[in-house]
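Hi everyone, thanks for coming. I have one structure to walk you through today, so let me put it on the screen.

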2 protein chains.
Amino acid sequence: MNQSVVIAPIGESLKAFLEGTAYSKVFVVADKQTKKYCYPHIKALLPKHPLVVVEAGEENKNLASCEQIWEAMTEAELDRHALVINIGGGVVGDMGGFCAAVYKRGIDFVQIPTTLLSQVDASVGGKLGIDFHGFKNHLGAFNIPNSVLIDPLFLQTLPERELRSGFAEIVKHCLIADAERWGKIRFVDFERQNWPELIAHSVAIKKKVVEQDPTEKGLRKILNFGHTLGHAVETHFLGKAPSKKLFHGEAIAVGMIMESYLSFSKKMIDRELLTQIEEFIFATYGKVAIAEEDIAPILALTRQDKKNKGKEIRFSLLNGPGSCAFDVVVTTSEMRKAIDYYMA
Amino acid sequence: MNQSVVIAPIGESLKAFLEGTAYSKVFVVADKQTKKYCYPHIKALLPKHPLVVVEAGEENKNLASCEQIWEAMTEAELDRHALVINIGGGVVGDMGGFCAAVYKRGIDFVQIPTTLLSQVDASVGGKLGIDFHGFKNHLGAFNIPNSVLIDPLFLQTLPERELRSGFAEIVKHCLIADAERWGKIRFVDFERQNWPELIAHSVAIKKKVVEQDPTEKGLRKILNFGHTLGHAVETHFLGKAPSKKLFHGEAIAVGMIMESYLSFSKKMIDRELLTQIEEFIFATYGKVAIAEEDIAPILALTRQDKKNKGKEIRFSLLNGPGSCAFDVVVTTSEMRKAIDYYMA
């Protein structure tokens, strides 16, 4: 797997990609936000094309939205030689990519990630999918996009909360793979981080890991640090009042503290690193209010994690700064303690 | 791609497959027919397992049935290390395989094809999928099953019409790849064909083609002989009165006559071969009543064929006995003439 990721102004990268291709049709997927803020910068770069606009937000990353996309593809009479271009964050990329991967058993697609989160995470590695009955990315496929075109300029269209959410994956990449960089970013205020540089850094780390283990048989699982409990927390609050809903990165930030505690309790990292991580994350993200009655459902949700085997809940845990182990079995009572630690 | 296909009594082949595996759970998909007639021969060979039973028939090869299967998989808390076993004809195999290929981005699955059609066709090649809005196999994936276990004894559970339908794909395999065998089977009455021998023959041909071109970029398209117009005819009558509904092989038989006529009209085969084919097919399948008003919708349906490029309708056509070309562009008026020829 040699994935093409280009970090450049979209006018250049998209032009370069399309040059010399002979697609029968180009088809664009966007959501209501990216249609308004990003699509206008892209529209004129493309030949005449149909556009389908889905509702924004994780709660719409489901089979019903896929049906909407597949219907639009069918109406446009897309054949196997067509190209799908997904303009948006992780939801549009994961879902539009999945729709392309499944339509007529798979047609070409290009991702134009427009959020920090999707630029540093979803864009690389070919994981596509949708949620199903409340379980995150429960249905999906592994398919490498024909190209990923990242333009940091799109970040200017983002609300600050969205940008902060994406930053969590950058933090994760430093923690699991680059101790030196972790030692730098933790002393820089969120507002002063250098996004173009950090995007390139995160993409390089993720590419390296994914190329060694495309289908997540082993090593790739380290990218899931913070995600076992993080996903459970995210899914749990997705079903609650809209005001309680967490952005993906916010939930992963919670998960990273909990799972750093697990790493510490298993003597894989020292207290100093644990303290560094929690101080930095609390300072950047604040603390999410988790009530006693949230704990049981959060624990139950970890049973659906894709890394599990049989009844074992398996984590990817830090075993030093810039280093991560995978397939670490964790019991329910250990998880319970990690949640308590976060709450305390 | 090296696909495992075993032709043997199911008691032997299933036991041999499971030996030494360590699946976290086995999950079985069947339809109402195969649950009654085939599953009883298999149940005791498996460890304790959940079973989901879908409605039989092509009209249920859709997203709603997939949702039913995915719900059952989720309720059973299947993890990535689980095995799905699909017991049934092409509908269960294509759909259960697709559900496994997409669940948690893909888990292992084994096909136990129980109809002649699925034993000689759907079982090999990794094409999975479902129909969508009336278009056949419009959504799907390419995924190789971990094994295909073919037991010719299951054919005894089939109604004769079902067996005859499956025979059409055997005829197709002879026509596109084995002139000598075509010269033999055309002199044998349907009732006296040697099924175990013909299954092995068809599987060998299909395997050889598919291994050279797994994702149908070129050569594999020859397996679609008879299927461009055949699929259109099948899809068209799917939407009509139940009494008009055709079995897949019956529609392909119609398609093979029409497309042999196209091959003849393009001077790719001589009149003698065309006559041989139509005489044999009419003798085996009779003639389907196609009315004047059916023609326009049938022609329109060919526009959705997966082999097309842009506005071009592309066929796989015979260019001699036991030989087939692909990507042959055919115009609407040529298709119209082929339908007229069949009707005359």
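Across the interface of chain A and chain B, 16 residue pairs are in polar contact, both partners at pLDDT 80 or more. I mention pLDDT because this is a predicted model, so please keep that in mind for everything I say.

Which parts of chain A supply the side that touches chain B? Helix H3 (63-75), helix H4 (90-102), strand S6 (127-132) and strand S7 (135-142) of chain A each give at least two residues to that side. The largest share comes from S7(A), with seven residues. If you sort the residues on that side of chain A by character, you get 13 nonpolar, 10 polar and 13 charged.

Now for the charged partners. How many salt bridges does the rule find between chain A and chain B? The rule finds four. One that you can pick out on the screen joins Glu216(A) to Arg80(B), where the closest N and O atoms are 3.5 Å apart.

Let me turn to the extent of the interface. On chain A, 36 residues are in contact with chain B, and 36 residues of chain B take part from the other side. The area buried between the two chains is about 3,600 Å², and carbon and sulfur atoms give 54% of that. Three residues stand out here: Arg80(A), Arg105(A) and Lys306(A) supply 22% of the area that chain A buries against chain B, more than any other three residues.

Next, the domains, and here I am leaning on the UniProt record. An unreviewed UniProt entry lists residues 52-164 of chain A as "domain: 3-dehydroquinate synthase N-terminal". In the model, that span is 34% helix and 29% strand, with its end C-alpha atoms 28 Å apart. The annotation "domain: 3-dehydroquinate synthase C-terminal", also from an unreviewed UniProt entry, covers residues 166-308 of chain A. Residues 166-308 come out at 64% helix and 0% strand, and the end C-alpha atoms lie 26 Å apart.

Last stop, a single residue in chain B. Thr284(B) sits in helix H11 (residues 271-285) of chain B. Is Thr284(B) buried or exposed? Its relative accessible area is 11%, and because the cut-off for buried is under 20%, Thr284(B) counts as buried. Leaving aside residues up to four places away in sequence, Thr284(B) touches Arg164(B), Phe167(B) and Phe190(B).

That's my tour, and I'm happy to rotate the view for anyone who wants another look.

How values were computed
Residues are numbered from 1 along each chain as its sequence is written. Chains are lettered from A and ligands numbered from 1 in the order in which they are written. This is a predicted model: local features need pLDDT of at least 70, side-chain atom pairs count only at pLDDT 80 or more; totals for chains, interfaces and linings use all residues. Side-chain values use heavy atoms; hydrogens and water are left out. Contact means heavy atoms within 4.5 Å. Buried area is the accessible area (1.4 Å probe) that two parts lose on being put together, summed over both. A salt bridge is a side-chain nitrogen of Lys or Arg within 4 Å of a carboxyl oxygen of Asp or Glu. A polar contact is a pair of N or O atoms within 3.5 Å; within protein, one must be able to donate a hydrogen and the other to accept it, and residues adjacent in sequence count only if both atoms are side-chain atoms. Helices (H or I, at least four residues) and strands (E, at least two) are DSSP runs, numbered from the N terminus. Ala, Val, Leu, Ile, Met, Phe, Trp, Tyr, Cys and Pro count as nonpolar, Asp, Glu, Lys and Arg as charged, and the others, Gly among them, as polar. UniProt positions are given in the numbering used here, feature names are shortened, and annotations may be inferred rather than shown by experiment. Buried means under 20% relative accessible area, exposed over 50%, partly exposed in between (1.4 Å probe, protein chains only).
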